[in-house]
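Hi everyone, thanks for coming along. Please have a look at the picture I am about to put up, and then we will walk through it together.

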Protein chains: 2
Amino acid sequence: MTEIIAPRSGTAFPLSRGETLRVIDPEGGQVSDMLAFMRGDVREVVSNGRTFDYEETIRLTTGNRLWSNRSNLMLEIVEDNVGTHDFLLTPCSEATFRHFYKDKPVHRGCFGNLAEALAPYGIAADDIPVAFNIFMHVPVDDAGKVKVLPPPTTPGDFIRFRALDDLIIGLTACSAYDSCGGTFKPIHYEIEP
Amino acid sequence: MTEIIAPRSGTAFPLSRGETLRVIDPEGGQVSDMLAFMRGDVREVVSNGRTFDYEETIRLTTGNRLWSNRSNLMLEIVEDNVGTHDFLLTPCSEATFRHFYKDKPVHRGCFGNLAEALAPYGIAADDIPVAFNIFMHVPVDDAGKVKVLPPPTTPGDFIRFRALDDLIIGLTACSAYDSCGGTFKPIHYEIEP
């Protein structure tokens, strides 16, 4: 069954070991911030630093795994027809809207959406780390400078993860202007046994 | 006054707004993992993701600032005669020793040293994020692949930070083989008013 995340919103749900999660960009050009917490102890959380260290790359795609702050495996990317994702930048928030979009209305962003969706699982806002930003296009040049460009996705593009442990997943349809090329669109997802 | 961090050890200390912290590589070729927490509420902590976002680079040097998970300023780099630092990889730990150095004795690493030094300030091991790895040489190639090379420092090289708030600092002399080119050396630091 396909679940729909409305534009500029977010959700959270359990994903059990062995299940797969397919995240779909139904219209193209949208980003989805994903977080993962261990269901048995939500103080264990996905970590960009541990993942970069063990996977030996900052560009994650099919075959790469996402690791926790305690060096345990959480998710494996089992299919990816995009190959462009970001794991450097934090979810957009009220503060990032004030910083980057001074002339636009402030929005609570993916950060606020994730904090609300994760609260029922006992996860505090301060425990939200860098998210795995699905479809987000953040090139790094030779000098280390980062840019946020529109996602290269076309309608129906997707990525598929297998859960390697019992998890709580946070997932958004991104709220920031730059990451989505100025448009706000939904994200679809499917959980498969 | 010059303080000495012995090889493969770590320490923690307060640093007040306006003070500067000079971190020195006395022999050359050594790395120092640095963490910063807000003294008023240690749940606020330095964040690589927020820093990359606001500074728009992953290569931080003179003039760049380190930001917290709540989007507040913590430290500014005011002098840097090296220019090579890493903010991608997590502190070495028992798990990273088991992963990368299967034929070598397990060490608790910078992670264990930081956890012990920070515990008296009410900071839990799970609250240790990606550290700012001073002098650590982690090139990223065009495909995103990361490598850990020996630091390019010569004896006496240093970096100087100004505290932009009242902080608790964690600081190590790194314990891993790759980051220090296989040698273990001390780190020196000085706090200046």
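Let me start with a question: which residue caps the N-terminal end of α1(B)? The answer is S47(B), where a side-chain oxygen lies 3.4 Å from the backbone nitrogen of G49(B). One thing to keep in mind as we go is that this is a predicted model.

Let's stay with that helix for a moment. Helix α1 of chain B covers residues 48-55, and just after α1(B) comes E56(B), with a positive phi of about 60 degrees. Is α1(B) mostly covered or mostly open? It is mostly covered, with 8 of its 8 residues buried. Among them are R50(B), F52(B) and Y54(B). And what do these buried residues pack against? From chain A there are α1 (48-55), α2 (94-100) and α3 (109-118), and from chain B itself there is β5 (65-67). In other words, part of what α1(B) packs against belongs to chain A.

That brings us to how the two chains meet. The contact takes 36 residues from chain B and 36 residues from chain A. Between them, about 3000 Å² of area is buried, and carbon and sulfur atoms give 49% of that. Which residues of chain B lose the most area to chain A? They are R50(B), E56(B) and D126(B), together 19% of what that side buries. You have met R50(B) already as a buried residue of α1(B), and E56(B) as the one just after that helix.

Now for the charged and polar pairs. Across the interface of chain B and chain A, the rule finds 4 salt bridges. One of them joins R70(B) to D126(A), with the closest N and O atoms 2.7 Å apart. There are also 14 residue pairs in polar contact across the interface, both residues being at pLDDT 80 or more. On the side of chain B that touches chain A, the elements giving two or more residues are α1 and α2 (94-100) of chain B. The one that gives the most is α1(B), with 6 residues.

So how do the two copies relate to each other? A rotation of 180 degrees, with 0.0 Å of shift along its axis, superposes chain B on chain A with an RMSD of 0.0 Å. That is the relation of a two-fold axis. Why can we say that the copies meet through the same surface? Because 100% of the interface residues of chain B are also interface residues in chain A.

Let's cross over to chain A and look at α3(A). This helix is mostly covered too: 9 of its 10 residues are buried, including C110(A), F111(A) and L114(A). What covers them includes β2 (10-15), β4 (32-38), α2 and β9 (167-172) of chain A, together with our old friend α1 of chain B.

Last stop, some strands in chain A. Strand β5 (residues 65-67) and strand β6 (residues 73-80) run antiparallel and are joined by 3 bridges. R65(A), for instance, has E76(A) as its bridge partner in β6(A). The hairpin of β5(A) and β6(A) has 5 residues between the strands, and there S71(A) takes a positive phi near 65 degrees. What else does β6(A) join? Strand β8 (residues 157-163) of chain A, again antiparallel, through 5 bridges. Here E79(A) stands opposite R160(A) in β8(A).

Definitions and conventions. Residues are numbered from 1 along each chain as its sequence is written. Chains are lettered from A and ligands numbered from 1 in the order in which they are written. This is a predicted model: local features need pLDDT of at least 70, side-chain atom pairs count only at pLDDT 80 or more; totals for chains, interfaces and linings use all residues. Side-chain values use heavy atoms; hydrogens and water are left out. Two strands pair if DSSP finds at least two bridges between them. Helices (H or I, at least four residues) and strands (E, at least two) are DSSP runs, numbered from the N terminus. Copies are superposed by least squares on the C-alpha atoms of residues with pLDDT of at least 70 in both. Contact means heavy atoms within 4.5 Å. Buried means under 20% relative accessible area, exposed over 50%, partly exposed in between (1.4 Å probe, protein chains only). A polar contact is a pair of N or O atoms within 3.5 Å; within protein, one must be able to donate a hydrogen and the other to accept it, and residues adjacent in sequence count only if both atoms are side-chain atoms. Buried area is the accessible area (1.4 Å probe) that two parts lose on being put together, summed over both. A salt bridge is a side-chain nitrogen of Lys or Arg within 4 Å of a carboxyl oxygen of Asp or Glu.
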